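Trainee: I would like a close look at a single part of this model, the metal site and what surrounds it. Please go through it in one connected answer.

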Amino acid sequence: MSAIAWRRQLSVGQPSIDEDHKHLIEYLNDLDVALNARVFLPARVAKILMKLLEYTQEHFSREEKIMQLVRYPKFDDHVRQHHEAVRMIGELSGHFSRDPSHQNAERIYTFTANWLVNHIIMQDTQLTPYVRGVWV
Ligand SMILES: [Fe+2]
């Protein structure tokens with residue numbers, strides 16, 4: 001595992017969306033640090049996970065409001081992807097709360113980090129022509 005670095009490729013070009021993505025990456029990097037700590041502390045991981053989950057949902061609803069505001073044509077499909085991610089992360093978190101092992105925590109990290117980077121690059125950047133110059 002390695003920390004995710006913010007890069008230009010990840011920029012959607014709308015300040016609040018980009019700031020949200022930077023925060024999500026910070027939480028993921030916090031999780032990565034907790035997973036690489038010499039001593040694995042499930043309570044520390046659980047705390048980061050709670051923040052990550054909460055912030056992910058807040059971010060999705062902010063992004064969805066912006067998409068509605070600009071009448072993004074692929075809104076429904078994009079929202080479906082958000083729901084699917086929330087469902088998957090929720091499921092993986094459920095496994096972790098039942099069995100707070102390093103392996104279960106790592107599964108959450110791997111899924112969420114891959115999903116987020118891929119989603120930003122493949123989906124969120126499609127918003128750029130619609131949201132550039134939109135201040136919310
Ligand atoms: Fe998105």
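Mentor: The account below starts at the metal site and then moves outward.

The model is predicted: local features need pLDDT of at least 70, side-chain atom pairs count only at pLDDT 80 or more, and totals for chains, interfaces and linings use all residues. Residues are numbered from 1 along each chain as its sequence is written, and side-chain values use heavy atoms, with hydrogens and water left out.

The iron ion has as its protein donors Glu-63 (OE), His-78 (NE2), His-82 (NE2), His-119 (NE2) and Asp-124 (OD), at 2.0 to 2.3 Å from it. Donors here are N, O and S atoms within 2.8 Å of the metal (3.2 Å for Na, K and Ca); water is not among the atoms, so sites may look incomplete. Along the sequence, the spacing of the donor residues is E-x14-H-x3-H-x36-H-x4-D.

Two of the donors, His-78 and His-82, sit in helix 3 (residues 75–98); they are separated by about one helical turn because they are four residues apart there. Helices (H or I, at least four residues) and strands (E, at least two) are DSSP runs, numbered from the N terminus. Both of these histidines, His-78 and His-82, are buried, where buried means under 20% relative accessible area, exposed over 50%, and partly exposed in between (1.4 Å probe, protein chains only).

Helix 3 itself has 24 residues and spans 35 Å from its first C-alpha to its last, close to the 34 Å expected at 1.5 Å a residue; the expected span is 1.5 Å times one less than the number of residues. Its buried residues include, besides His-78 and His-82, Val-79, Ala-85, Ile-89 and Leu-92. The buried residues of helix 3 pack against helix 2 (42–69) and helix 4 (102–122), with contact meaning heavy atoms within 4.5 Å.

Aromatic pairs come next. Rings of Phe, Tyr and Trp (its six-membered ring) pair if their centres lie within 6.5 Å; planes under 30 degrees apart count as stacked, over 60 as edge-to-face and the rest as tilted. By this rule there are three aromatic pairs. One of them joins Tyr-27 and Tyr-55 edge-to-face, at 5.7 Å centre to centre with 65° between the planes. Tyr-27 is in helix 1 and Tyr-55 in helix 2, so the pair ties together parts that are 28 residues apart in sequence. Both Tyr-27 and Tyr-55 are buried. Another edge-to-face pair is Tyr-72 with Tyr-130, at 5.2 Å centre to centre and 80° between the planes. That pair links Tyr-72, in the loop between helix 2 and helix 3, to Tyr-130 in helix 5 (residues 128–131), 58 residues apart. Tyr-72 counts as buried because its relative accessibility is 6%, whereas Tyr-130, at 37%, counts as partly exposed.

Two arginines complete the picture. Arg-62 lies over the face of Tyr-55, 5.5 Å from the ring centre; a charge sits over a ring if NZ of Lys or CZ of Arg is within 6 Å of the ring centre and within 35 degrees of the ring normal. Arg-71 is in the loop between helix 2 and helix 3. Its relative accessible area is 73%, so Arg-71 is exposed. The phi of Arg-71 is near 50°, a positive value in a residue other than glycine.
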